[in-house]
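Hi everyone, thanks for coming. I'd like to walk you through one structure today, so please have a look at it with me.

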Amino acid sequence: KGDEIFKGKQYKIEVLEDEENEFTIHQLTISKPMHKNMGKYTCTINEIQTGSYLDVEATPCYFTRQLKSFREIEHRTCTINCQVDIEEADVTWYYEEIEIIKGYPDWFDHIKMVDDGRERSLVINDVPREAAGKFECKTNSDETEMKLRVVPVNEFLKPLEDQTCQEKEQVMFECQMGDDEADAEWRIAGNVVTEDDRIQIKKLEKGIHKLIILRARISDTGDISCTCVGQNETKASLLVNKAEAPVVDAGDQDANDGKVRAKAKVKPRLVRDNLRIATIKVGGTHSWSVDVIGEPITDKTWTQGASYITKAKEALITEEHERIKLTHIDYNTIFEIKDALRKDNCKYKVRAENCNGFDEEWVELVVLGRPARPEGPLEVSNITANGCKLRWKAPLDDGGMPILEYNIELLCPKTKKWIKKGKCAGDKFPLFFDVDGLEEGQEYLFRVSAVNEEGESEPLEGDKPIKAKNPFDKPSKPGTPE
């Protein structure tokens, strides 16, 4: 590059004598040469110059932490980062499959590329809405990608409304955010609240958030607020009045030892102390026991919610269910499940009803198991005499836990047995594996399985074997000249 080299951390300059002390040797030693050290080096002594070229073969570099997709609010600072296994490695960033360089994309002046040890980051300041899209980071041997979603600053499409109730009654507050993925922070009379046996907090579809106070207290009187975390809030007031005496129907009486007692009309109420999210493993058992208050005696039902695994719709649970048993008595209902399957992973609703009204509640059962088979097809490309590239997609069901890794196997053409060829990180995106060590002319079949803490999935197998051969044939012998 024409720049003079000085002795330093990477460069060592020495003046030596040869073995017979006849000549002086000027020696330059480059410690840990990198790709950027490639080029022509010259040595000038008394106006006499000699030179040579240095070619540095890059060491294969792989990502030890992949890019991850996420969302960001416009005008904030967003950092997209990953990690490489070689500290000195160079990476190239891409946006929508085009290399990021000065002038591209249009909002390039918002971008800063940062290398810190093995960390590689792309920082976008005052992130614009136009930055939403696919980002890629590539080394000389690996690649990773993510999708960035940029959402506008939140606004409340439906604010909270003032409510009035009696002590020990149930009261609900509801609002709707424009940012349907944002989290909410609820406050009662200025105090942050979380879920317990008296408070329920729900985040529903389309940005709807609910706060349900199951048994209101006089001390709850005051402001109720819902804050879109890190952004704005909506407020309403709650007035809790002292409870009135229960309504008594004097015409409906019981005789007990000659004494007459009137029956109270009591709206149903579920005692939610035991209604907590439960986590079990495939084949496990679980039960919920729920006490029920209400006069006259309530009718009790349980409903199985819609399943994202099987796509089954919400359905009432009956006595014919093969794994779920329901037991109802006057003031209690019990839900019991045995030999649980992954498809039992969903929410369940308990409901109590009488002539004075009803009460219901959802509770979630998490069933952990092995992941489903990776999604196909198992694509094979870049076929050569020595290797190829495999591509596939993550399973639709991860078993309720993160995928730790994928196992790659090939069917040995000689022994006809499956042999483990390698592994690939579970959070790698896109999912691919470079196969090497194939024998030219042999046919190979591949399969891939997903692994989580509960075990290994059924394998995804290739549609047909491939032959290890270069995409071009060896040239034929030249013909006889005419």
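**A hairpin, two cores and some rings**

Let's begin at a turn: strand 10 and strand 11 form a hairpin with two residues between the strands, and there glycine 117 takes a positive phi near 65°. Please keep in mind that this is a predicted model.

Staying with that hairpin, strand 10, residues 111–116, runs antiparallel to strand 11, and six bridges join them. Isoleucine 111, for instance, has isoleucine 124 in strand 11 as its bridge partner. Strand 7 also runs antiparallel to strand 11, again with six bridges, and here asparagine 81 is partnered with serine 121. So how enclosed is strand 11 by the rest of the structure? Largely, because five of its six residues are buried.

That brings us to the nonpolar cores. The largest has 23 residues, and the members touching the most others are Ile80, Trp93, Ile124, Phe135 and Leu148. Strands 7, 8, 11, 12 and 13 each supply at least two residues of this core, with the largest share, four residues, coming from strand 7. There is also a second, separate core of 21 residues, including Met177, Val193, Cys228 and Ala236. As a general point, nonpolar side chains in soluble globular proteins tend to be buried together.

What does tryptophan 93 contact, beyond its neighbours within four places in sequence? Its contacts include Leu67, Ile80, Met113, Leu122 and Cys137, and also polar or charged names such as Ser121, Arg120 and Glu136.

Now for the aromatic rings. The count comes to ten aromatic pairs. In one of them, tyrosine 95 and tryptophan 107 have ring centres 5.1 Å apart and planes at 80°, so the pair is edge-to-face. Tyrosine 95 is in strand 8 and tryptophan 107 in the loop between strands 9 and 10, twelve residues apart. Both residues are buried, and ring pairs link them with Tyr104 and Phe135 into a cluster.

Further along the chain, tryptophan 392 and tyrosine 406 are edge-to-face too, at 5.6 Å centre to centre and 65° between the planes. They sit in strand 35 and strand 36, 14 residues apart, and both are buried.

Rings also meet charges here. Lysine 138 lies over the face of tyrosine 94, 4.6 Å from the ring centre, and the charged end of lysine 389 sits over phenylalanine 432, 4.6 Å from that ring's centre.

One last stop: an open sheet of five strands, in the order 15-22-21-17-18, with mixed pairing. Its edge strands are 15 and 18, each pairing on one side only.

Terms used:
Residues are numbered from 1 along each chain as its sequence is written. This is a predicted model: local features need pLDDT of at least 70, side-chain atom pairs count only at pLDDT 80 or more; totals for chains, interfaces and linings use all residues. Side-chain values use heavy atoms; hydrogens and water are left out. A nonpolar core is a set of buried Ala, Val, Leu, Ile, Met, Phe, Trp, Tyr and Cys residues joined through side-chain atoms within 4.5 Å. Buried means under 20% relative accessible area, exposed over 50%, partly exposed in between (1.4 Å probe, protein chains only). Contact means heavy atoms within 4.5 Å. Two strands pair if DSSP finds at least two bridges between them. Rings of Phe, Tyr and Trp (its six-membered ring) pair if their centres lie within 6.5 Å; planes under 30 degrees apart count as stacked, over 60 as edge-to-face and the rest as tilted. A charge sits over a ring if NZ of Lys or CZ of Arg is within 6 Å of the ring centre and within 35 degrees of the ring normal.
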